[in-house]
Amino acid sequence: QVQLMESGGGSVQAGGALRLSCAFSESTYNTNYMAWFRQAPGKQREGIAAIHIRVGDTYYADSVKGRFTISNDNAKNTYLQMNSLKPADTAVYYCAATPGPATERYALVIPPTDFSIWGRGTQVTVSS
């Protein structure tokens, strides 16, 4: 069974940085996009970054653009470098994968319903 495993979460003060990692347990032959989502208490899950792992195109939500960077190495590990963290970034962060076709609509929104494989999440807490 294909699995994703996030790591790298933790607690940091505002202005600090964290790097999240997502390891893919199986071959990514059928995967085109990897993405990071987050969900704060009482809020909907939000797509914040996506990458086409074969082409390298990246997409970001406005809330993280310029502060977060998604990357992928050898198509089996995906990362989220988070800089200039704010208390509003506090959430559980999830990575996800999809074999879906190439699309430009992730420039506008990264819908969780597009993604079929999910990790269990890692907590990020940013204190002021």
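What pattern does the protein follow when read along the sequence?

## Fold and basis of the model

Read along the sequence, the protein follows β-β-β-β-β-β-β-β-β-β-β, with zero helices and eleven strands, where helices (H or I, at least four residues) and strands (E, at least two) are DSSP runs numbered from the N terminus. This is a predicted model, in which local features need pLDDT of at least 70 and side-chain atom pairs count only at pLDDT 80 or more, while totals for chains, interfaces and linings use all residues. Residues are numbered from 1 along each chain as its sequence is written, and side-chain values use heavy atoms, with hydrogens and water left out.

## Nonpolar cores

The largest nonpolar core (buried Ala, Val, Leu, Ile, Met, Phe, Trp, Tyr and Cys residues joined through side-chain atoms within 4.5 Å; buried meaning under 20% relative accessible area with a 1.4 Å probe, protein chains only) has 26 residues, of which Met34, Trp36, Phe68, Leu80, Met82 and Tyr93 touch the most other members. At least two residues of this core come from each of several strands, including strand 4 (33-39), strand 8 (77-82) and strand 9 (91-98). Apart from it lies another core, of nine residues, among them Ala35, Phe37, Tyr59 and Tyr106.

Leaving aside neighbours within four places in sequence, Met82 is in contact (heavy atoms within 4.5 Å) with Gly16, Ala17, Leu18, Leu20, Arg67, Phe68, Tyr93 and Val124.

## Overall packing

Buried residues make up 44% of the 128 residues in the protein. Among contacts between residues at least 6 apart in sequence, 60% join residues at least 24 apart. The C-alpha atoms fill a box of roughly 40 × 30 × 25 Å, taken along the principal axes.

Methods
Buried means under 20% relative accessible area, exposed over 50%, partly exposed in between (1.4 Å probe, protein chains only).
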